[in-house]
Amino acid sequence: MGSFHCPIGAATRGTVGCVSCGLCIATTRQGQIEAANRMRAHIRSRTTGPVGSIRKIAVCGKGGVGKSTLVAMLAHALVYDGYRVMVVDTDESNPSLHRLLGIHPEPEPLSMMLERFAPDGNPAPKEWLGQDAITLDSIPEQYIYWAGNLAIMCVGKIEDPLAGCACPMGSLSRELMMNLDPGEGDIVLVDLEAGIESFGRGMEQGADTVLVVTEPSLDSVLLSAKIRYMAEGLGIQRIRAILNKTRDPRTERRIRDMLIEHEVRYIGTMPHGEDVADASLEGTVPLEGASVENVRWLTGLLLDEAEMDHPITLHAVLEA
Ligand SMILES: Nc1ncnc2c1ncn2[C@@H]1O[C@H](COP(=O)(O)OP(=O)(O)O)[C@@H](O)[C@H]1O
Ligand SMILES: [Mg+2]
């Protein structure tokens, strides 16, 4: 029985918890589709409760649509609104998320717990990751760096040629996502690698909210629709699209219509902002100008939908 495709991890527990979906033994395309449908039905049947508060947000979408930018801006906006926010960088390639957050230095990557990525070949202990409820305060301090109420964790980067694929890091991300248990007033924001491979690995399964960042391109809209389908299959109920980088109202309306047509629920728009592009070039925090107000507004909408507090309202921000 192969363990990679087992969405509920039964294969690594000697089949304990196996729901006999048949995904691990399906050999034909049709067989895989039928098995995946059985697994989707199983996961959805276990997630019929109320949508509940936002605790863990996975930010997804096509490459370059603005996932990391949005994560950084949302993180700052949520901290401003009184939340404690931890950002998890699961992207094995791009190096700049901590700069967008204004956090230096970075903590040690979780990949230190993997033999292949530990500098001296001696992996750090990883038992803590298997605990059922990892609170933000119980994360070993070398893996988390706090700057006030904002913290960052990094899963790791591929640094060398022939270092091998990133699947082991993906497993760490998945385990962390599943077992993290943010407390009242804590929000975890996970910056994912581009595309949908992470959904194939089930990395988002522990999230209660998926934000799909969409840019004005057909590919981005189609991928957003696919992400909606994948996230539903993982039992996630709150899936929302944020439209980014629009330059005019006509394009914004068009993409909104396309998202509706593909049954992706749109929540709001972040227009193209020169200040955001400049910050990306300088490697600084994109926290100047109109973009900040836009993202505070988006944060408010998101918290409203989840019926959560945002004690400092947009009006208070604009009037300050
Ligand atoms: N609203 C925006 N206005 C202008 N530039 C943006 C905006 N959002 C993202 N960008 C730029 O797009 C590029 C890709 O953004 P990034 O956040 O790295 O995307 P991703 O994480 O999805 O790959 C960056 O140069 C970033 O500054
Ligand atoms: Mg990114």
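## Following the contacts through the fold

Let's start with glutamate 305, which counts as partly exposed because its relative accessibility is 32%. Keep in mind as you look around that this is a predicted model.

What does the side chain of glutamate 305 meet in a salt bridge? The partner is arginine 240, and the N to O distance is 2.5 Å. Find arginine 240 in strand S7, which covers residues 238-246, then look for glutamate 305 in helix H9, residues 290-305; the two are 65 residues apart in sequence, so their salt bridge ties together separate parts of the chain. The two ends of this bridge sit in rather unlike surroundings: glutamate 305 is partly exposed, while arginine 240 counts as buried, because its relative accessibility is just 9% and the cut-off for buried is under 20%. If you set aside neighbours within four places in sequence, arginine 240 also has Val210, Leu211, Val212, Arg265 and Ile267 among its contacts, along with Glu305 itself.

How many salt bridges does the structure hold? There are 11. Another one to look at joins the side chains of aspartate 186 and arginine 84, at 2.8 Å from N to O. Here, too, distant parts of the chain are linked: aspartate 186 belongs to strand S5 and arginine 84 to strand S2, 102 residues apart. Aspartate 186 counts as buried because its relative accessibility is 7%.

Now for a salt bridge inside a single helix. Glutamate 232 pairs with arginine 228, and their closest N and O atoms are 3.3 Å apart. Both are in helix H6, and because they are four residues apart there, about one helical turn separates them. Glutamate 232 is partly exposed at 23% relative accessibility, whereas arginine 228, at 15%, is buried. Salt bridges can join up as well: Lys62, Glu215 and Lys245 are linked in a network of them.

Time to go inside. The largest nonpolar core has 40 residues, and the ones touching the most other members are Met86, Leu110, Trp128, Ile139, Met153 and Val210. Which strands and helices each supply at least two residues of this core? They are strands S1 (56-61), S2 (84-89), S4 (150-154), S5 (186-191) and S6 (209-214), together with helices H4 (167-179) and H6 (218-233). H4 gives the most, with four residues. Separate from this is a second core of 35 residues, including Leu70, Leu150, Met270 and Val295.

Zoom in on isoleucine 139 from the 40-residue core. Leaving out residues up to four places away in sequence, isoleucine 139 touches Met86, Trp128, Ile134, Ile144, Met153 and Leu180.

Tryptophan 128 brings us to the rings. The count here comes to one aromatic pair. Its members are tryptophan 128 and tyrosine 143, with ring centres 5.6 Å apart and 20 degrees between the planes. This pair counts as stacked because its angle is under 30 degrees. Both residues sit in the loop between helix H3 (97-101) and strand S3 (145-147), 15 residues apart, and both are buried.

One last stop involves a ring and a charge. Over the ring of tyrosine 80 you'll find the charged end of arginine 296, at 4.1 Å from the ring's centre.

How values were computed:
Residues are numbered from 1 along each chain as its sequence is written. Chains are lettered from A and ligands numbered from 1 in the order in which they are written. This is a predicted model: local features need pLDDT of at least 70, side-chain atom pairs count only at pLDDT 80 or more; totals for chains, interfaces and linings use all residues. Side-chain values use heavy atoms; hydrogens and water are left out. Rings of Phe, Tyr and Trp (its six-membered ring) pair if their centres lie within 6.5 Å; planes under 30 degrees apart count as stacked, over 60 as edge-to-face and the rest as tilted. Buried means under 20% relative accessible area, exposed over 50%, partly exposed in between (1.4 Å probe, protein chains only). A charge sits over a ring if NZ of Lys or CZ of Arg is within 6 Å of the ring centre and within 35 degrees of the ring normal. Contact means heavy atoms within 4.5 Å. A nonpolar core is a set of buried Ala, Val, Leu, Ile, Met, Phe, Trp, Tyr and Cys residues joined through side-chain atoms within 4.5 Å. A salt bridge is a side-chain nitrogen of Lys or Arg within 4 Å of a carboxyl oxygen of Asp or Glu.
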